[in-house]
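Trainee: I am new to this structure and should be grateful for a close look at a single part of it. Please choose one place, explain it carefully, and then relate it to its surroundings.

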Amino acid sequence: MIKVGIVGGTGYTGVELLRILAAHPEVQLTAITSRKEDGLPVAEMYPSLRGRVALKFSSPDKANLTECDVVFFATPHGVAMAQAPALLAAGVKVIDLAADFRLQDVAQFEQWYGMQHSCADLLKEAVYGLPELNREAIKSARLIGNPGCYPTTMQLGFYPLLKAGIIDADNLIADCKSGVSGAGRKAEISLLFSEASDNFKAYSVAGHRHIPETVEQLQKMSSTPVGLIFTPHLVPMIRGMHSTLYAKLNTTIDNAALQELFEKTYQNEAFVDVMPFGSHPETRSTRGSNTLRIALHRPGNGATLVILVAQDNLMKGASGQAVQCMNLMFGLQETCGLTQLPILP
Ligand SMILES: NC(=O)C1=CN([C@@H]2O[C@H](COP(=O)(O)OP(=O)(O)OC[C@H]3O[C@@H](n4cnc5c(N)ncnc54)[C@H](OP(=O)(O)O)[C@@H]3O)[C@@H](O)[C@H]2O)C=CC1
Ligand SMILES: CC(=O)N[C@@H](CCC(=O)OP(=O)(O)O)C(=O)O
């Protein structure tokens, strides 16, 4: 059994990790931390886990994290980088759901996250945890920077086209919508029910911290410079993410060939569903599952392609993806513990 620790067990990605891992056949939950809820049984805070998780939360300093085989950090940016060096030295693998180990460019990290990186030397060995594009490196990694939720949709949506070199890489547009759980379980006025429900708005239009992460990764797929306009929106639903991506074709290609390109690229991927051309993936068709769905459109049969991508921000966008990485790192079947079907309605 793999002994697993979770730092930040009370947050939304933390409890999603617990939901997945409590039913994972190869995992023994060993430590779950919370600074505020030290001593509280997990199932008392989350009755959904009654009878399935017997552990109590413990404060991070008391938790037996070095006894674990792997520790997930479901914490704000900056927490994992303070603790990862000691855990790695003790032989513990680390998967950070925040951004501490996503960007290779330290200056970009410090600019966008407003903090100094305390172990930039570890970035060289950190592996970006997007299995569909980075599977082999993840298998042998000790340290994973799990992707952001929006970047996962943008990368999997643009990847086949950039790799084939058939779109203008310098003019990519991503119009993305997230459910409110994407902002975490914290008390903030903009996240109150009477502020976020029955409302719809864009935010961070001038620049969002997912831009450097996404561009750094998209650039690896393209032989020409990548330019990205990314506009996130908050929508009044709890879970779910929908990204509408736009790209201009630079070659003559018919719709059947485009569809084939996507189907071939993802034919062996358990968690990427390429739907029939012209389909409309809905967030509720991914809710609670690790599946990301993609569909292609070509309005007026013109040069602009519209790629629709839907996922659950807490699953493929965060905790499901992190467990997918763990499975690869420990030589397990990639789908182990991740076969939940979406919840509908
Ligand atoms: N929500 C989402 O859809 C996604 C989130 N992410 C990223 O995953 C990470 C976690 O997100 P999310 O679960 O939404 O966040 P939450 O705000 O819901 O939870 C944060 C957790 O971290 C703990 N925590 C906070 N500060 C510290 C600290 N200094 N040391 C130890 N523990 C701490 C909190 O518990 P306590 O205060 O009791 O210790 C809490 O359990 C973030 O970096 C987020 O950006 C990534 C993709 C998607
Ligand atoms: C709705 C909402 O607020 N979403 C978050 C993104 C959550 C996420 O994936 O981001 P990181 O792990 O990079 O913080 C935001 O836009 O800041």
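Mentor: A word on naming comes first: helices are DSSP runs of H or I with at least four residues, strands are runs of E with at least two, and both are numbered from the N terminus. With those names, the place I have chosen can be stated: serine 204, which is found in the loop between β9 and α8. Please bear in mind that this is a predicted model.

What sets serine 204 apart is its backbone, with a phi near 50 degrees, a positive value although the residue is not glycine. Most residues other than glycine have a negative phi. As to its environment, 13 other C-beta atoms lie within 10 Å of serine 204, so this residue is partly exposed: a buried residue would need 20 or more such atoms, and an exposed one 12 or fewer.

Let us first follow the chain backwards from this loop, to β9. Strand β9 belongs to an open sheet of 7 strands, whose order is β9-β10-β8-β11-β14-β13-β12 and whose pairing is mixed. Both β9 (201-202) and β12 (272-274) stand at the edges of this sheet with a single partner strand each, so one side of each has no neighbour there. The pairing of β9 with β10 is antiparallel and runs over 2 bridges; within it, alanine 202 has histidine 233 of β10 as its bridge partner. Strands of a sheet pair in this way through backbone hydrogen bonds, either parallel or antiparallel.

The sheet also carries a helix. Helix α6 lies across β8 (172-178), β10, β11, β12, β13 (292-297) and β14 (304-311). Its course makes about 35 degrees with β11.

Now let us go forwards from serine 204, to α8. This helix covers residues 210-221, and its 12 residues should span 16 Å at 1.5 Å a residue; the end C-alpha atoms are 17 Å apart, in agreement with that expectation. The buried residues of α8 are His210, Pro212, Glu213, Thr214, Gln217 and Leu218. An α-helix has 3.6 residues a turn, so residues three or four places apart point the same way. Among the elements that cover the buried residues of α8 are α4 (106-113), β6 (127-128), α6 (149-164) and β10 (228-234).

Two other loops of this region deserve a comparison with the one you are viewing. Proline 236 is placed in the loop between β10 and β11 (241-248). This proline is partly exposed, with 13 other C-beta atoms within 10 Å. Its contacts, leaving aside residues up to four places away in sequence, are Ala196, Ser197, Asp198, Asn199 and Phe200. The C-alpha atom of proline 236 also lies 6.3 Å from that of glycine 179, although 57 residues along the chain separate the two. The second loop, between β13 and β14, holds asparagine 301. Asparagine 301 has a phi near 55 degrees, again a positive value in a residue other than glycine. However, asparagine 301 is exposed, with 7 other C-beta atoms within 10 Å.

Finally, the wider setting. The domain assignment divides the chain into domain 1 (2-125) and domain 2 (149-313), and the centres of the two, taken over C-alpha atoms, are 27 Å apart. Contact between them involves 10 residues of domain 1 and 7 residues of domain 2. On the domain 1 side, α4 contributes the most, with 3 residues. That side comprises 5 nonpolar, 3 polar and 2 charged residues.

There is a further open sheet of 7 strands, with parallel pairing and the order β3-β2-β1-β4-β5-β7-β6. The edges of this sheet are β3 (57-58) and β6, each with a single partner strand, so one side of each is left without a neighbour. Strand β6 thus appears twice in this account: as an edge of this sheet, and among the elements that cover the buried residues of α8. Elsewhere in the sheet, β1 (residues 2-7) pairs with β2 over 6 bridges in the parallel sense. Of the 7 residues of β2 (residues 27-33), 6 are buried, so that strand is largely enclosed by the rest of the structure.

Key
Residues are numbered from 1 along each chain as its sequence is written. Chains are lettered from A and ligands numbered from 1 in the order in which they are written. This is a predicted model: local features need pLDDT of at least 70, side-chain atom pairs count only at pLDDT 80 or more; totals for chains, interfaces and linings use all residues. The expected span of a helix is 1.5 Å times one less than its number of residues. Two residues are in contact if their C-beta atoms, placed from the backbone, lie within 7 Å. Two strands pair if DSSP finds at least two bridges between them. Domain bounds come from an automatic or database domain assignment. Ala, Val, Leu, Ile, Met, Phe, Trp, Tyr, Cys and Pro count as nonpolar, Asp, Glu, Lys and Arg as charged, and the others, Gly among them, as polar. Axes are lines fitted to C-alpha atoms, for helices over the stretch in contact, and angles run from 0 to 180 degrees between N-to-C directions.
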